[in-house]
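Please look over the sequence and the structure below before reading on. The questions are meant for a first-year student.

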Protein chains: 2
Amino acid sequence: MEVLFTFIPKEHQQKHLIEQFPEVHFHFAYKDKMRLPSADILVTYGEDLAAADIESAEKLKWIMVASAGIEKMPHAAIAERGIIVSNVKGIHKTPMTESVLAHLLALKRSLPFIYEKQREKQWNRKTGSRELYGSTALILGPGAIGSEIGRLLQAFGVHTIGCNRSGKQAEHMEKMVRFDQILDTLPEADAVISVLPSTNETKHLLKKEHFQAMKKDAIFMNFGRGDLFEDEVLVEAMENGEIGAAVLDVFNTEPLPPEHPFWDMGNVVISPHASSHSGKYVERALEVFIPNLRKWLDEESEPTNLVSLEKGY
Amino acid sequence: MEVLFTFIPKEHQQKHLIEQFPEVHFHFAYKDKMRLPSADILVTYGEDLAAADIESAEKLKWIMVASAGIEKMPHAAIAERGIIVSNVKGIHKTPMTESVLAHLLALKRSLPFIYEKQREKQWNRKTGSRELYGSTALILGPGAIGSEIGRLLQAFGVHTIGCNRSGKQAEHMEKMVRFDQILDTLPEADAVISVLPSTNETKHLLKKEHFQAMKKDAIFMNFGRGDLFEDEVLVEAMENGEIGAAVLDVFNTEPLPPEHPFWDMGNVVISPHASSHSGKYVERALEVFIPNLRKWLDEESEPTNLVSLEKGY
């Protein structure tokens, strides 16, 4: 039994794996792709696999993706071989939610202004700070992460509206709407927060008219995937002052090219796809992987967090 | 009956007061101090009264301070006359708590780094972000505001330790310690947050050894009063790398002089005593004042939120 990691856990984490599973050969290296043909299980961030790799990984039965997004995986090649794919959906919850709250509170409490005035050594109390309390947030995609965002927003006294395909109730949402009701719901929202995955249905879901329907001082946050809208649509909305601010963690092109107009927009915050970063990332991924591997070995049972390649999440 | 405001509420708020209390003469101007001799009640931010003003305000019976701090009031002159003082303690709770959480999350999630890299148009994912979750906060002064900070920190999965004079249990604190136990408790805390008022006991409460006892990456936040420590003590602690970062909303000298070393310290954030700012400030002060004035007029009963000039809060 061979398990191939395409990223390198810390030494004590490697040691822990080896001790826990003496029957398994672990390889913590991938670059040369030499180990692919003999790997039974692959642990990857999900951005380093091509169809040809799947082909050469003849014995591969399970791909564990230590990330949430699987849109960069060679879906057809994996599906054809019947390889199981699982991810670590839950582990992004904490750091991502903290990043969303950090950015939202920072804008409400005028932190960019406060930092700027400090650089200028200016004591300027006209911060224009507002409160998060009593505002309304529309959360696009209230799954594991979106619901956690909803839980904390509610603790701050925010009214939460969830939005998914079916309008089915999600946790920590005061009310739910369907994708086809977004346009009618946007005028209520002080913050519009997307954590939607990239699927056929969410691609370019937000169009010109959606930004026009938002409040003039709405804060729009995209922490899901960059293809939720076309860049030009948001550039135009910001230039026309249709919304108050945008915080973007994901982009159609990553890294965001240096010449992109977003960089220079005073009311756009660019977070370099870093909202899930955390010193605890690999630690948590292993907390998901280890019990799954144990069950896989002992009972030949499928891992938790199975991903459907058709649905895309 | 005359009520003198030393600040100017919005027009609709003035109108509302006049309509609610046809029997009262309201004056919304102070600068020339002409109205002082005839005022029965004074509504002030608490920073514009001298002992001579109290003397000339011959009829004054009640000072309503639309703020929490009363240390700039002429205590002796007020006490001598037996004038009642009340404040609006509760109304700072929401904006201040949001500011504290905003600054704390911003540092944990590397917002200053993210903003800086955006200014440089650099896509740099090495943000070094950490999580608030699972950390420990020591809250100095868990009263109305401190407990609200505790409530929200707990929602983020933070362990809360409260610290007051007596060690008496306060809300949303996992455990409590007394002032004389601070030094022993500091090594546990990832964040040290003060919302203490200025009193004889809190003045210069934190000394050199306190900062030395903190974790090397501790975040120290002073949102209470500037005289909690002498500036030199913190300057030295920051220069020696004894703690990770400081966020200061209050200072020994306000405005902070342009030549002060704090301005240039990369790990010190200067918030210009603005953490309680909110578009809802006067609105909320009036929500406290109006029912108190009604009861004062109808039942001659004392207002809520009475302040003890001896204790200082």
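The questions and answers below concern a predicted model, beginning with one chain and going on to single helices and residues.

Q: Which numbers of helices and strands make up the secondary structure of chain A?
A: The model is predicted, and its secondary structure elements are counted here for chain A. The count comes to 10 helices and 12 strands.

Q: What radius of gyration does chain A have, set against that of a compact globule?
A: Along the principal axes, the C-alpha atoms of chain A fill a box of roughly 65 × 45 × 40 Å. For 313 residues, a compact globule would have a radius of gyration near 20 Å. The value for chain A agrees with this, as it is 21 Å.

Q: What share of the residues of chain A counts as buried?
A: A residue is called buried when its relative accessible area is under 20%. Chain A has 313 residues to sort in this way. The buried share is 58%.

Q: How much of the accessible surface of chain A belongs to carbon and sulfur atoms?
A: The accessible surface of chain A is about 13400 Å² in total. The part that belongs to carbon and sulfur atoms is 49%.

Q: How far apart are the centres of the positive and negative side chains of chain A?
A: Chain A carries 35 positive side chains and 45 negative ones. Each set has its own centre, and the distance between the two centres is 6 Å.

Q: Why do the buried residues of H1(A) lie on the same side of the helix?
A: In helix H1 of chain A, residues 11-20, the buried residues are A:Gln13, A:Gln14 and A:Leu17. They lie on the same side because they cover only a limited arc around the axis. On the other side, A:Glu11, A:His12, A:Lys15 and A:Glu19 are exposed. The arc of the buried residues is 100 degrees.

Q: Which elements of chain A are included in what covers the buried residues of H1(A)?
A: The residues to be covered are A:Gln13, A:Gln14 and A:Leu17. Their cover includes two strands and a helix of chain A, namely S1 (2-5), S2 (25-28) and H10 (281-299).

Q: What arc do the buried residues of H5(B) cover around the axis?
A: Helix H5 of chain B, residues 111-119, has B:Leu111, B:Ile114, B:Tyr115, B:Lys117 and B:Gln118 buried. Their arc puts them on the same side of H5(B), and it is only 165 degrees.

Q: Against which elements do the buried residues of H5(B) pack?
A: Within chain B, they pack against helix H4 (93-108). They also pack against elements of chain A, which are helix H4 (93-108), helix H5 (111-119) and strand S12 (268-270).

Q: Is B:Thr94 buried or exposed?
A: B:Thr94 is in helix H4 of chain B. Leaving out residues up to four places away in sequence, B:Thr94 touches A:Glu131, A:Tyr133 and B:Arg284. The cut-off for a buried residue is under 20%. B:Thr94 has 15% relative accessibility, so the class is buried.

Q: What is the relative accessible area of B:Ser99?
A: B:Ser99 also lies in helix H4 of chain B. Residues up to four places away in sequence aside, B:Ser99 touches A:Arg109, B:Phe223 and B:Ser275. B:Ser99 is buried, and the relative accessible area is 4%.

Q: How far apart in space are B:Thr94 and B:His277, C-alpha to C-alpha?
A: In sequence, B:Thr94 and B:His277 are 183 residues apart. In space, the C-alpha to C-alpha distance is 9.9 Å.

Conventions:
Residues are numbered from 1 along each chain as its sequence is written. Chains are lettered from A and ligands numbered from 1 in the order in which they are written. This is a predicted model: local features need pLDDT of at least 70, side-chain atom pairs count only at pLDDT 80 or more; totals for chains, interfaces and linings use all residues. Side-chain values use heavy atoms; hydrogens and water are left out. Helices (H or I, at least four residues) and strands (E, at least two) are DSSP runs, numbered from the N terminus. The radius of gyration is taken over C-alpha atoms; the globule rule is 2.2 Å times the number of residues to the power 0.38. Buried means under 20% relative accessible area, exposed over 50%, partly exposed in between (1.4 Å probe, protein chains only). Accessible areas come from the Shrake-Rupley method with a 1.4 Å probe; for residues, only the protein chains shown count as cover. Lys and Arg count as positive and Asp and Glu as negative; His and the chain ends are not counted. The place of a charge is taken as NZ of Lys, CZ of Arg, CG of Asp or CD of Glu. The arc is that of the directions from the helix axis to the C-beta atoms. Contact means heavy atoms within 4.5 Å.
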